Amino acid sequence: NFINGRLTVATDNMRMYTEDRLNPLPSIPTSPCPDTGCSPCLGVPQEVKYYYSPGDIVINGVFSVHNMGDTKFSCADIVSNSGPLYLEAMIYAVREANNIPGILNGVTLGGLGIDDCYDSDVSSNFIMQLQRGMYTVEDNAGNNELDPRTVEAYTGAWNIPRTMPLAGLMDLFMQPMVGYRATSAALNKKEYYV
């Protein structure tokens, strides 16, 4: 019900399911946000670390450059595994594709690398805010602002738990997604990801 500007949800009529959408949960999960609310939960854009290189067509990559922070939607120290190297590889590949004559036939390739801080909520929230025009992405010089309509493809995250939510989001936005490392038969469910 929505009465006098207040939304009331009858949770006894709700049913939540496991991520594979097969089994009902015994109870409704609690919110990861504090009782006082948190900015991302309320739709306020969060501060996310990213790399952006402008182009006519932009590809997006989700990488775990930092560890998950102590609080929701926060980041900690830089990770010691391959996350930063995968981001560097994307930056290098975009730069090289633009430098080799005849490959792109006058089209400039851009790149947007997002640090998910080992948390699928960080990348999913960032992408939703970006696609809705609620978050402004600029290059390092602040001269070029990303037009979300130029993002033509997304890559999944490091592993399945962080890639699955992105796959559902890409289905919602009708955008292609390619995984650079995550593998699972669950990503091949054509009834969910068409």
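## Strands, a disulfide and a patch

His66 has Ile78, over in strand 6, as its bridge partner. Before going further, a word on the ground rules: this is a predicted model, where local features need pLDDT of at least 70 and side-chain atom pairs count only at pLDDT 80 or more, while totals for chains, interfaces and linings use all residues. Numbering starts from 1 along each chain as its sequence is written, and side-chain values use heavy atoms, with hydrogens and water left out.

That bridge belongs to strand 5 (residues 66-68) and strand 6, which pair in the antiparallel sense over two bridges. Two strands are said to pair if DSSP finds at least two bridges between them. The strands themselves are DSSP runs of E with at least two residues, and helices are H or I runs of at least four, both numbered from the N terminus. Six residues sit between the strands in this hairpin, and Phe73 takes a positive phi near 65° there.

Ala76 is also part of strand 6. Setting aside neighbours within four places in sequence, Ala76 is in contact (heavy atoms within 4.5 Å) with His66, Asn67, Met68 and Gly69. Ala76 and Tyr118 lie 42 residues apart along the chain, and their C-alpha atoms are separated by 9.9 Å.

Now for the overall layout. What pattern does the protein chain follow along the sequence? Reading along, you get β-β-β-β-β-β-α-β-α-β-α-β, for a total of three helices and nine strands. Of its 194 residues, 32% count as buried, meaning under 20% relative accessible area; exposed is over 50% and partly exposed lies in between, with a 1.4 Å probe and protein chains only. Taking contacts with a separation of 6 or more, 61% come from residues 24 or more positions apart. The chain exposes about 12,000 Å², and carbon and sulfur atoms supply 52% of that. Areas like this come from the Shrake-Rupley method with a 1.4 Å probe, and for residues only the protein chains shown count as cover.

The open sheet takes in five strands, in the order 3-7-4-8-9, with mixed pairing. Strand 3 and strand 9 (177-178) stand at its edges with a single partner strand each, so one side of each has no neighbour in the sheet. Strand 4 (residues 57-63) and strand 8 (residues 151-155) run parallel, paired over three bridges, and Asn60 stands opposite Tyr154 in strand 8. Tyr154 turns up again on the way to the edge: its bridge partner in strand 9 is Met177. Strand 8 and strand 9 are also a parallel pair, over two bridges. At the other edge, Ser53 belongs to strand 3. Not counting residues up to four places away in sequence, Ser53 touches Val94, Gly110 and Gly111.

How many disulfides are there? With a disulfide taken as a pair of cysteine sulfur atoms within 2.5 Å, the count is one. Chemically, a disulfide is a covalent bond between the sulfur atoms of two cysteines. Here Cys75 is joined to Cys117, with 1.7 Å from S to S. The link between Cys75 and Cys117 is right-handed, at 85° about the S-S bond. It ties together distant parts of the chain, 42 residues apart: Cys75 is in strand 6 (residues 75-78), while Cys117 is in the loop between strand 7 (109-115) and helix 2 (120-131).

On the surface, Phe2, Leu7, Val9, Met14, Met16, Leu25 and Ile28 make a nonpolar patch of about 640 Å². Patch residues have over 30% relative accessible area and no salt bridge; like charges are joined within 9 Å and nonpolar side chains (Val, Leu, Ile, Met, Phe, Trp, Tyr) within 5 Å. A salt bridge is a side-chain nitrogen of Lys or Arg within 4 Å of a carboxyl oxygen of Asp or Glu. Ile28, one of the patch members, is found in the loop between strand 2 (6-7) and strand 3 (50-53).

Here is how some of these residues are covered.

| Residue | Relative accessibility | Class |
|---|---|---|
| Cys75 | 31% | partly exposed |
| Cys117 | 0% | buried |
| Ile28 | 34% | partly exposed |
| Ala76 | 35% | partly exposed |
| Ser53 | 15% | buried |

In the disulfide, then, Cys75 is partly exposed, whereas Cys117 is buried.
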